[in-house]
Amino acid sequence: MATTLGNGVVDYNTAAAEAKKKLVQNQLKINNDPGYVASEQQRALQVIAQRQAQGLDTSGQQKYLTQQLGYKAPAANTAAASTPTAATTSSPKSNAQQGSDYMSQMAAIAQRQATPFSYDPNSDPAYQAALTRAKANIADGTAQTEAELNRRGLLNSTITSDRSAEIGAQEMGNVETTVLPQLMQQAYQKYIDNLNQQQQQFSNLGTVANSYLGEDQRAIDNTNTTAGLTGNLPGGEQAQQLYSQLLNLKQQAEAKGITAADRSKLSNQADGIRAMLSTMGVDISKLGANTNSVTAGQITPTIRTLAGQNQDLAAQNQTFNQATQTRQLDTADKQYGEQFEYQKARDAITDQQWKKSFDEDYRRYGLDYALQEQQNRISAQNANTSQASASSSITGNTFNRYLDIWKATGTAPSGLEAYGVEAGSPWYEGAQSIEEGGLTINQVVDNIKSIYQEPIVKKELDTWGKMIETDTGKTKITSDPTQRKKMFDNVVDSGLGNNETLQALNSLGFTKAEIQKFYDEGIQSSGE
C-alpha cells in the first residue's frame, strides 16, 4: 500500500538523501509547471479517496493537497464540502472558459516573486565530494612525505611540517580555485535553464489559451465566410425552436382523421409562427401552407444577409432588363412593320395620282396628249432620280475621301459625325465596314445629337449676391454658333435628300434663318 500514501506524508527533515532529492525535484515542478500541479492535484484526490475507502488516515495527503498544491475545494451546502474528495464528472467547459482558465494560470505565474540565484557549496554533494577527495589526497601525500623523511632520519624536522602544509594548501587551493567555480557555474547554468524552461512553459500556456479563445472566433469567421458565399446565415436557437414547432403543426395537420376545424386552428398557429420567423429575417418562402411536412423538414432555416438581398436584387434587375430589351425589340419590330405598311400606302397613293392624271388628260385632250404628258412626268421623275443619284455619288466620294484621311492619319477628320464618328476619334479595325449613305433621318439626328451636346446649368445668386452656375446633370443640343455650323455641314453631307435634310435640320432645332444663313455661306465640308 506504500504507493497510495502520496508525497504529503514524507517528512523532509527525517527523509533519506535520495528521498530528499526527489522532494526537492517535486517542489521545483510544483513551483514552475502549472500542468504538473493540476495533474498532481487529481492524483492526490484519488489517493485520498482510496485511503478514505480503506479507513486510513488522510491528514498528510490533505495537507499536501491544500498547502503545497494550493487546492481549494468547490463550495457546497454540506459540512463535508471543506474536505477534499475525488474529482467528479462535470459538464465540459466551453472554449472561452478553458482559455480563461489558462490565462488565469499565466497571471498567477506572472505574479510570482522571482527567485534570485544563490549557491551554497555546503549543501552541494559535488562540493562535499571534492572536499573529501582533497582531504584524502592530503592524508596520502602527508603519509608519503613522512615515510620518505623518516627514511632519511628527518621525520621530526620542520621539513615534515612544511611539506605537509604545502600538500594541504595545494589540494584545498585546487578545490577553492578550480572545483568550486566550476560547480558554481554549473549551478548557475541549471538556474538559467530552469528559467528558460519556465518561460517556454509560460509561452506554451499562452499558445494553448489563444487556441481556445480563438476557436469560437474561427467558427464565427467560417460562418461569415459561408454567409458571404451563399447569402444565408444559419437561424439562431430561437429560430430553430420555432421551425421545429412549425414542423410539428404540419405533421398534426396531415394526420388522418383530423377535422377541418382542427386543421384550421393548426393553420392559424402555423401562420403566427411563420410571421415570427419572417420578423426574425428567416426565409419562409419554402415553409408555406402549400409545403408538406416532408418537404419542409428538408429545409434549413436561414436568415438572408444584406449580401444575399443584393444578389436577389441584381437577379431581379437582370430579369427586368431582359424583359425590357425584349419589349424594345418587339416595339422596334412593330414600328418597322408599321413603317413598311405606311410606305406601301404612299406608293399606292402615288400610283393612284398618276392614274387620275392620265384619266383626266385622256378625257379632256385625248389619248395622244395623255400619253405625252405621262411620258413627260416619267422623264421628270427620272431626272429627279438621276440628280439624287449624282448627289449620292458626290456624298459617297466625300465619305470615301474622309475615310481615306482617317485611315492614313489614324485620326478621324470632321465630316463623319453623321455616321456616329466624332472628329479626332482614332482609327480602329472594322471602321472600313461603316456604310456610306443609307442613313435614315432618325440615325442622322441621333448621331448628331450624341456628339453636339452641352451641359444645362442653373444660374442663381448666392448669399452675397454673386451669380453662380450649378450643373443640373442634364444636357441639350449646343447653342454655340461655330458648333451649330458644323452640325449643319454634317447633316447636309449625310446623304439625305433635300426634304429629308430639311426635316433633320428642323428636328435638331435649326430655324429657317439659320438654314438660309449657313446655306449662303457654303458647305465647308464639301468645299462647294
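I'll start with threonine 142, which is buried, with a relative accessible area of 16%. The cut-off for buried is under 20% relative accessible area, so threonine 142 falls on the buried side. Before going on: what you see above is a predicted model.

Threonine 142 sits in helix H5, which covers residues 125–152. Its partner for today is isoleucine 167. The two are 25 residues apart in sequence, and their C-alpha atoms are 7.1 Å apart in space.

Now a second pair of that kind. Alanine 107 belongs to helix H4, residues 95–110. From C-alpha to C-alpha, alanine 107 lies 9.8 Å from phenylalanine 202, with their positions 95 residues apart in sequence. Is alanine 107 buried or partly exposed? Alanine 107 has 35% relative accessibility, and therefore counts as partly exposed.

On to the charged side chains. Side chains of opposite charge can pair when their charged atoms come close. How many salt bridges does a search of the whole structure find? The search finds six. I'll go through some of them.

One is in helix H2, residues 34–53. There, the side chains of glutamate 40 and arginine 43 form a salt bridge, at 2.8 Å from N to O. These two residues are three apart in the helix, which means about one helical turn separates them. Their surroundings can be read from the accessible areas. Glutamate 40 is buried, at 5% relative accessible area, whereas arginine 43 is partly exposed, at 27%.

Another is in helix H8, residues 260–279. Aspartate 271 and arginine 274 make a salt bridge there, and their closest N and O atoms are 2.7 Å apart. Again the residues are three apart in the helix, so about one helical turn lies between arginine 274 and aspartate 271. Here arginine 274 is the buried residue, with a relative accessible area of 8%. Aspartate 271 is partly exposed, with a relative accessible area of 38%.

Next, a salt bridge between two helices. Glutamate 514 and arginine 484 meet through their side chains, with an N to O distance of 2.8 Å. This pair links distant parts of the chain, the two residues being 30 apart. Glutamate 514 is in helix H15, residues 512–521, and arginine 484 is in helix H13, residues 481–492. Are glutamate 514 and arginine 484 buried or exposed? Both of them are buried.

Back to H2, this time for its packing. Two packed helices are described by the angle between their axes and the distance between the axes. For H2 and helix H3, residues 59–68, the axes come within 10 Å and cross at roughly 160°. H2 is therefore roughly antiparallel to H3, because angles over 145 degrees count as roughly antiparallel. The crossing of H2 past H3 is left-handed.

Last, the surface. Which residues form a nonpolar patch there? They are Tyr362, Leu367 and Leu371, and together they have about 300 Å² of accessible area. Leucine 367 is in helix H11, residues 367–409. Its relative accessible area is 44%, so leucine 367 counts as partly exposed. A patch residue needs over 30% relative accessible area, so leucine 367 passes that cut-off.

That is what I have on this model.

How values were computed. Residues numbered from 1 in each chain as written. Predicted model: local features only at pLDDT ≥ 70, side-chain atom pairs only at ≥ 80, totals over all residues. Heavy atoms only, no water. Salt bridge = Lys/Arg side-chain N within 4 Å of Asp/Glu carboxyl O. Helix = DSSP H or I, 4+ residues; strand = E, 2+ residues; numbered from the N terminus. Buried < 20%, exposed > 50% of the residue type's maximum accessible area, 1.4 Å probe, protein only. Patch = residues over 30% accessible without salt bridge, like charges linked within 9 Å, V, L, I, M, F, W, Y side chains within 5 Å. Areas by Shrake-Rupley, 256 points an atom, 1.4 Å probe, with all protein chains shown as cover. Axes fitted to C-alpha atoms, helices over the stretch in contact; angles between N-to-C directions. Parallel < 35°, antiparallel > 145°, perpendicular 65-115°, else oblique. Left-handed = near helix turned anticlockwise from the far one by under 90°.
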